[in-house]
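Please load the model in your viewer, show it as a cartoon, and keep the selection panel open. The tour goes from one selection to the next and says what is found at each stop.

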Amino acid sequence: MTTPSITIFRGFPVTTAYVWSPFACKLEARLRFAGLGYKVEQGAPPKGPRGKIPYIALSKDGQDSAPEMVSDTTMISEKLVEDGLAEDLNGKLTPVEKAQDAAVRALLEEKLYFYQ
């Protein structure tokens, strides 16, 4: 397995500073848990594939074409799993546990996120 080049665009001008976005934090944690190295760049929502942050540029070793741009933390995680770069954290869950996971994520990401 070759090591990919991953750049996270998180929408903050200082790349060494903490970013308030829970989605950027979630993505960075996911990459660290998978043992994947990454670079951080500023980026901006209008430049992202779906018009929001964070998004990534994913280049595989030996790939001469432009990096693949992927946004939405769920889609990024799915892409990493699909490419064999990260483990499917829900792979061993039962259907009921997967439904519970989806419900908790929806609560955190769609409702409670706005109360920070």
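Throughout this tour, a residue is called buried if its relative accessible area is under 20%, exposed if that area is over 50%, and partly exposed in between, with a 1.4 Å probe and protein chains only. The model is a predicted one, in which local features need pLDDT of at least 70 and side-chain atom pairs count only at pLDDT 80 or more, while totals for chains, interfaces and linings use all residues. Residues are numbered from 1 along each chain as its sequence is written, and side-chain values use heavy atoms, with hydrogens and water left out.

**The sheet**

Begin by colouring the strands, which, like the helices, are DSSP runs numbered from the N terminus (E, at least two residues, for strands; H or I, at least four, for helices). Four strands form an open sheet in the order 2-1-3-4, with mixed pairing, where two strands pair if DSSP finds at least two bridges between them. Strand 2 (39-41) and strand 4 (68-71) stand at the edges with a single partner strand each, so one side of each is left without a neighbour in the sheet. On average, and ignoring direction, neighbouring strands of this sheet are turned by 25° against each other; axes here are lines fitted to C-alpha atoms, for helices over the stretch in contact, and angles run from 0 to 180 degrees between N-to-C directions.

Next, select strand 3, residues 55-59, which runs antiparallel to strand 4 and is joined to it by four bridges. Strand 3 also runs antiparallel to strand 1, with five bridges between the two. Ala57 is a useful residue to label, as it stands opposite Met69 in strand 4 and opposite Thr7 on the other pairing. Which way do the side chains of strand 3 point? Tyr55, Ala57 and Ser59 point one way, Ile56 and Leu58 point the other way, and all are buried.

**The helices on the sheet**

Now add helix 2 (residues 73-82), which packs on the sheet and touches strand 1, strand 3 and strand 4, its direction making about 130° with that of strand 4; contact means heavy atoms within 4.5 Å. Within helix 2, select Lys79, which counts as buried at 13% relative accessibility. Leaving aside neighbours within four places in sequence, Lys79 is in contact with Leu58, Lys60, Glu68 and Val70. Two of these contacts are themselves partners in the sheet, since Glu68 in strand 4 is the bridge partner of Leu58.

**Salt bridges**

Show the charged side chains, taking a salt bridge as a side-chain nitrogen of Lys or Arg within 4 Å of a carboxyl oxygen of Asp or Glu. By this rule there are eight salt bridges. Staying at Lys79, you will find this residue in a network of salt bridges together with Lys60, Glu68, Glu82 and Asp83.

Move then to Arg10 and Glu28, whose side chains meet in a salt bridge at 2.8 Å, N to O. Arg10 lies in the loop between strand 1 and helix 1 and Glu28 in helix 1, so the pair ties together parts that are 18 residues apart in sequence. Arg10 is buried at 4% relative accessibility, and Glu28 is buried at 11%.

A further selection is Glu109 with Lys26, a salt bridge in which the closest N and O atoms are 2.3 Å apart. Glu109 lies in helix 3 and Lys26 in helix 1, so this pair ties together parts that are 83 residues apart in sequence. Glu109 counts as buried at 16%, whereas Lys26 is partly exposed, with a relative accessible area of 27%.

**Backbone details in the loops**

Most residues other than glycine have a negative phi, and most peptide bonds are trans. Against that background, select Asp72, which has a positive phi of about 80° although it is not a glycine. Asp72 is found in the loop between strand 4 and helix 2 and is partly exposed at 21%. Asp72 also forms a salt bridge with Lys52, with 4.0 Å between the closest N and O atoms.

For the last stop, select Ile53 and Pro54, which are joined by a cis peptide bond with omega of about -5°. Pro54 lies in the loop between strand 2 and strand 3.
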